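Hi,

Here is the structure I promised to pass on. Have a look at it first, then read my notes below.

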Amino acid sequence: MTCENKATSDVRENLPSALRRLTTADEVESTVGLPASAVMLKQISALDEGCRTVLARCPIAAFGYRDADGTSRTTFIGGTPGFVRVHSPTRISFSLPEPGDPHGPVSFFFLLPGVGEILRVNGSVAARKGAETTVDIAEAYVHCAQAVLRSRLWQPPAPAESVAPATPGAPAASAAEFAGDGPLRRPGVAEFLAAAPFLALSTWDGTGGSDTSPRGDRQEVARILDGRTLVVPDRKGNKRADTLHNLLADDRLSFAALVPGRTGVLHVRGRGAITDDPALLETMALRGMPPHLALLIDVEHAEVTGSDAVARSRLWTPGAHVDRGTVPDLMALAGEHLAAGSAAAEGGPPAFLLKAVGAIPGMARLLRLVMNRAYRSGLRKEGYEDVEPGAGGGRRRGFLRRLPADDGGTGAGTTERPLREVRIAEVRRETPSAVTLVLEDVGKDLEPFDFRPGQFFTLVADIDGRPVRRAYSASSAPGSARLEVTVKHVEGGRFSTHVHRSLRAGDRLAVRGPSGSFHTEPQLPDAPDAPDAPDEIVLVAAGSGVTPMMSMIRSRLAVRPGRDRIALLYSSRSAEEIIFADELTRLAKDNPDRLTVTHVLTGRDGRLDADGVHRWVTGLSPAPGAHYYTCGPGPLMDAVQGVLTGLGVPDERVHQERYTSGADTQAVEATVPQEMTVEEDGRPVGTVVVEPGQTLLDAGLAAGLPMPYSCTVGNCGDCMVRLRAGEITQNEPNCLTPQQRADGYVLTCVGCPLSKVTLDIADQ
């Protein structure tokens, strides 16, 4: 006996011993039957124009692969339409952000929100560079809509329903109802399975092929027998039975399950067997109709995680369903594939006849009506009573029709702000560790960047397949068609490392903003004496904290003549690390009555402390109405605040901006899915599950809730809400003041729940 066969034998002995298993292809085919020749002829060996159009519009796909060590994995990839790059009819590439390293045969199915049919693609890994994975295509074909229809995947998520206690021999419904320890007792797993009607199941054959197929059922698609055993009903389909045949050759499998309305994914891997045990099948009967077979899965690993692909795809947000006019009808596409396959096969339907029939006006619509009727009839014979593929409303809205775009696809009531796409016009080196990105709009129409001097923008870049956000103060003056942000490299900082090592002129980013209350008002040429623009500002900065100060200096000195006075105390490690050194020298020389700059080099003078700040401020003799702006690390900020308080400067004239590096902030996240209820003035707005790895803000926005926010990185305070109930953890440091913390305020953009929580978004 080989090692593989021995492992298979050992696993099957661990499955419930009383259940009969099928072990040969003849046994499977005697139950399932053989697929019609037309089913196999729909398989094509390269992506045609219709397939490429589907990929261009598809925001998400299930992906099955194995690591170099043979570990099976299934996950969801994507997040935005067109995430797959088509290089040729037989080669595609995409980003796989998770740490997995796919090797050998892989498989996909591509989902179009609102559409029942699925495009399946199989191939093998051709190259892997960072997160970018390149795949050579071996075959593609359209899968019928039955799995989506059974699961009601695209219908509005139903409220949680109570589940009746399990009867003897029937699958358990919750963690409290099944016996034995095992992976299925991990946090959140049983509850997720109890609500999951849809999954992507990946298997491999013995000849180097892979298959990822959809499975859908009413309520639970995979049901728990004990702490390590699942059962998945196998109801009637197109008789290809790829999964069943694969398991006879190689019983290693994996799947990823979805719950409509949630952005988490349940990842499971283990080994499978096929059973036709009548007693077990009877427990999964619908209207007295049991499935013809079932899969028994001995689970080795099960874990619920947040999915960036599912969250970004907004699969269940109103208006997210694809416009049928922008993609081919997949059933008509399957007909084209059948014609192509028939032309290359012997004994199949005449290709010319299929093409002629397909070209008849209105034939695609007629084919859709015929298929909808076939779906309805077939599923009702399986015990499904309320299947309406092409019509219906409310909870019975059809899968093959587009949902009305009530709000343009952003989610009812959501306050999400659009990102502004920009290109890098120039990358300018300031110091050995700092560069300035000069950004402008993509396209010919260059709109100005309006903000207040001192405010920051949140930059969003795709790094290793995931959107990474970081807030940077504008260093340019407002009103220009070009925005300048200066980025200092931080050891261990993911975003700053990407900026310094990877970004070049011509690359694209997205920006959100402006954000932040740390700013001064510019002196306007037609109103230089405006009350919001004090005659004197005193600036204290360290390191990259000079960037917002530079925006203030540039904007105020641009007004000529001006009577204002600006004084800057700037701490740097060394002369070569002084950001904007030459420009500051020039501006001070050109404006001796308006700008003074004092440098402190810590390598020469020692660390700037309270005594040094006190000597400098008192030597300035600032005017009584001067405003003070400080930006830098915590110890310097505390020292400046202490000095100014001691000098009797009112708090309203002291403005602070604390910054942290990308390496300073330690990610915190929940390890168990938690329920979040959002209220506004005490009135419920909505409830959503926050998945492991998600923030409160991410979960709320993905569900279309009207969450306030701006920077998304804990710097601006726009997402501050009151925590009415429950417990959270959040990244530190952030912009919350001690008083705000004491009053029960939290930041949703860096907060994760540790229990069931209630937030009030109106009480800011």
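**What I found**

Right after helix H17, Ser621 has a positive phi of about 55°. Keep in mind that this is a predicted model.

Now step back into the helix itself. H17 spans residues 610-620, and its buried residues are Gly612, Val613, Trp616, Val617 and Leu620. Why do they sit on the same side of H17? Because they cover an arc of only 125° around the axis. It helps to remember that an α-helix has 3.6 residues a turn, so residues three or four places apart point the same way.

And what is on the face turned away from the buried side of H17? That face carries Asp611, Arg615 and Gly619, which are exposed.

Next, which elements cover the buried residues of H17? Among them are four strands, namely S22 (536-542), S23 (565-572), S24 (595-601) and S25 (627-632), along with helix H18 (634-646).

Then there's a sheet to look at elsewhere in the chain numbering. It is an open one made of five strands, with mixed pairing, and the order runs S28-S27-S33-S29-S31. At its edges are S28 (683-690) and S31 (745-747), each of which pairs on one side only. From one strand to the next, the twist averages 35°.

If you want one spot to zoom in on, try the edge strand S31. Strand S29 (residues 720-725) pairs with S31 in the antiparallel sense, over three bridges. Arg722 has Tyr745 in S31 as its bridge partner.

Have fun exploring!

Notes: Residues numbered from 1 in each chain as written. Predicted model: local features only at pLDDT ≥ 70, side-chain atom pairs only at ≥ 80, totals over all residues. Heavy atoms only, no water. Buried < 20%, exposed > 50% of the residue type's maximum accessible area, 1.4 Å probe, protein only. Helix = DSSP H or I, 4+ residues; strand = E, 2+ residues; numbered from the N terminus. Arc of directions from axis to C-beta. Contact = heavy atoms within 4.5 Å. Pairing = 2+ DSSP bridges. Axes fitted to C-alpha atoms, helices over the stretch in contact; angles between N-to-C directions.
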